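Open the model in your viewer and keep the sequence panel beside it. The stops below say what to select next and what is found there.

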Amino acid sequence: MDYVIRPVRAGEWQLVKELRLAALRDPVAPVAFLETYEDALERFDDFWRERTAAASEAGDGEVRQFVAVAPDGSWAGSVTVLIERPDGENVFGAAADVHQAHVVGVFVRPETRGGGVAEELFRAGMDWAWSLGEPRIERVRLYVHENNPRASAFYRRIGFVPTGETVPMRGDPTARELEYAVARP
């Protein structure tokens, strides 16, 4: 694999925005993301600047976005890891019972899929979460739409297991998001 996996840098907001917009144009976007392309397109540049700075190494340490950078400098994919604490707010699902990480925004460009980029992005995100100091992260979780079998199969293949927890899909209470998790090694 010729990609460099690394955290975003605070000034790379235009690349973060471009990759997110590409993700939201993907055919599985309606079951993979909680945001639409149109909503993301309407966001001001300051939103993208703040989002990128917060997820960079210069951020507060509670969120980190990792990207796969090709030799030509283009970005092939990304994952974002949010830290959830029992005494803090959670982005999605029930309040945390333990100190945990939550993987969101998983995307790899279609032309790059199947080459190990997603696995490497997950490895970087999970290694970062496990490396954080006290209080230690006890598990890493994510949610996957019940109608996204390709993503579910990938998550199982890399070690995530269904927890049995589900939540209604934001915007469609008839659909369910399934929680998958990996316990601290």
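**Stop 1: the cavity**

The largest cavity holds about 110 Å³ of space. This is a predicted model, and its count of cavities of 30 Å³ or more comes to 1. To see the walls, select V16, L19, R20, A23, F33, R51, Q65, S78, T80, G105 and F107, which line the largest cavity. Colour that selection by residue type: 5 of the lining residues are nonpolar, 4 are polar and 2 are charged.

Which elements each supply at least two residues of this lining? They are α1 (13–25), β3 (75–84) and β4 (100–108). Helix α1 gives the largest share, with 4 residues.

**Stop 2: the whole chain**

Zoom out and switch to a cartoon view. There are 6 helices and 7 strands in the chain. Read from the N terminus, the order of elements is β-α-α-α-α-β-β-β-α-β-α-β-β. The chain is as compact as a globular protein of 185 residues, because its radius of gyration of 16 Å is close to the 16 Å given by the globule rule for that length. Show the C-alpha trace alone and turn it: along the principal axes it spans about 40 × 40 × 35 Å.

Colouring by burial would mark 47% of the 185 residues as buried. Of the contacts with a separation of 6 or more, 61% are between residues 24 or more positions apart.

**Stop 3: strand β2 and its partners**

Select residues 63–69, which form strand β2. Is this strand enclosed or exposed? Strand β2 is largely enclosed by the rest of the structure, because 7 of its 7 residues are buried. Show the side chains. V63, Q65, V67 and V69 point one way, while R64, F66 and A68 point the other way, and all are buried. Q65 has already appeared in the lining of the largest cavity.

Now add residues 4–7, strand β1, which pairs with β2 in the antiparallel sense over 4 bridges. To find the register, look for P7, which stands opposite F66 of β2.

Next, add β3. Strands β2 and β3 run antiparallel and are joined by 7 bridges. The bridge partner of V69 in β3 is W75. The hairpin of these two strands has 5 residues between them, and in this hairpin G73 takes a positive phi near 95°.

**Stop 4: from β3 to β4 and β5**

Keep β3 selected and add β4. These two strands run antiparallel, with 7 bridges between them. E84 has Q100 in β4 as its bridge partner.

Add residues 139–145, strand β5. In which sense do β4 and β5 pair? They pair in the parallel sense, over 3 bridges. A101 stands opposite V140 in β5.

**Stop 5: a cis peptide bond**

Go to the loop between α5 (117–131) and β5, where P135 is placed. Select E134 together with P135. A cis peptide bond joins these residues, with omega at about -10°.

**Stop 6: two buried phenylalanines**

Select F122, which is found in helix α5. F122 is buried, with a relative accessible area of 3%. Setting aside residues up to four places away in sequence, F122 touches V79, V103, V106, L142, F154, Y155, I158 and F160. Draw a distance from F122 to F66: their C-alpha atoms are 8.6 Å apart, although 56 residues separate them along the chain.

One of the residues touched by F122 is F160, so make F160 the next selection. F160 lies in the loop between α6 (149–157) and β6. F160 is buried too, with a relative accessible area of 1%. Beyond its neighbours within four places in sequence, F160 is in contact with F122, M126, V140, R141, L142, Y155, Y180, A181 and V182. A second distance can be drawn here: the C-alpha atoms of F160 and D172 are separated by 25 Å, with the two residues 12 apart along the chain.

**Stop 7: the last hairpin**

Finish with strand β6 (residues 161–169) and strand β7 (residues 172–183), which pair in the antiparallel sense over 6 bridges. Select M169, which stands opposite D172 in β7. Which residue of this hairpin takes a positive phi? G171 does, near 90°, in a hairpin with 2 residues between the strands.

How values were computed: Residues are numbered from 1 along each chain as its sequence is written. This is a predicted model: local features need pLDDT of at least 70, side-chain atom pairs count only at pLDDT 80 or more; totals for chains, interfaces and linings use all residues. Side-chain values use heavy atoms; hydrogens and water are left out. On a 1 Å grid over the protein atoms alone, a cavity is a set of points where a 1.4 Å probe fits but cannot get out, and a pocket is an open set with protein on both sides within 12 Å along at least five of seven lines; lining residues have an atom within 4 Å of a point. Grid points are joined across faces, edges and corners, and a volume is the space filled by probe spheres set on the points. Ala, Val, Leu, Ile, Met, Phe, Trp, Tyr, Cys and Pro count as nonpolar, Asp, Glu, Lys and Arg as charged, and the others, Gly among them, as polar. Two strands pair if DSSP finds at least two bridges between them. The radius of gyration is taken over C-alpha atoms; the globule rule is 2.2 Å times the number of residues to the power 0.38. Buried means under 20% relative accessible area, exposed over 50%, partly exposed in between (1.4 Å probe, protein chains only). Contact means heavy atoms within 4.5 Å.
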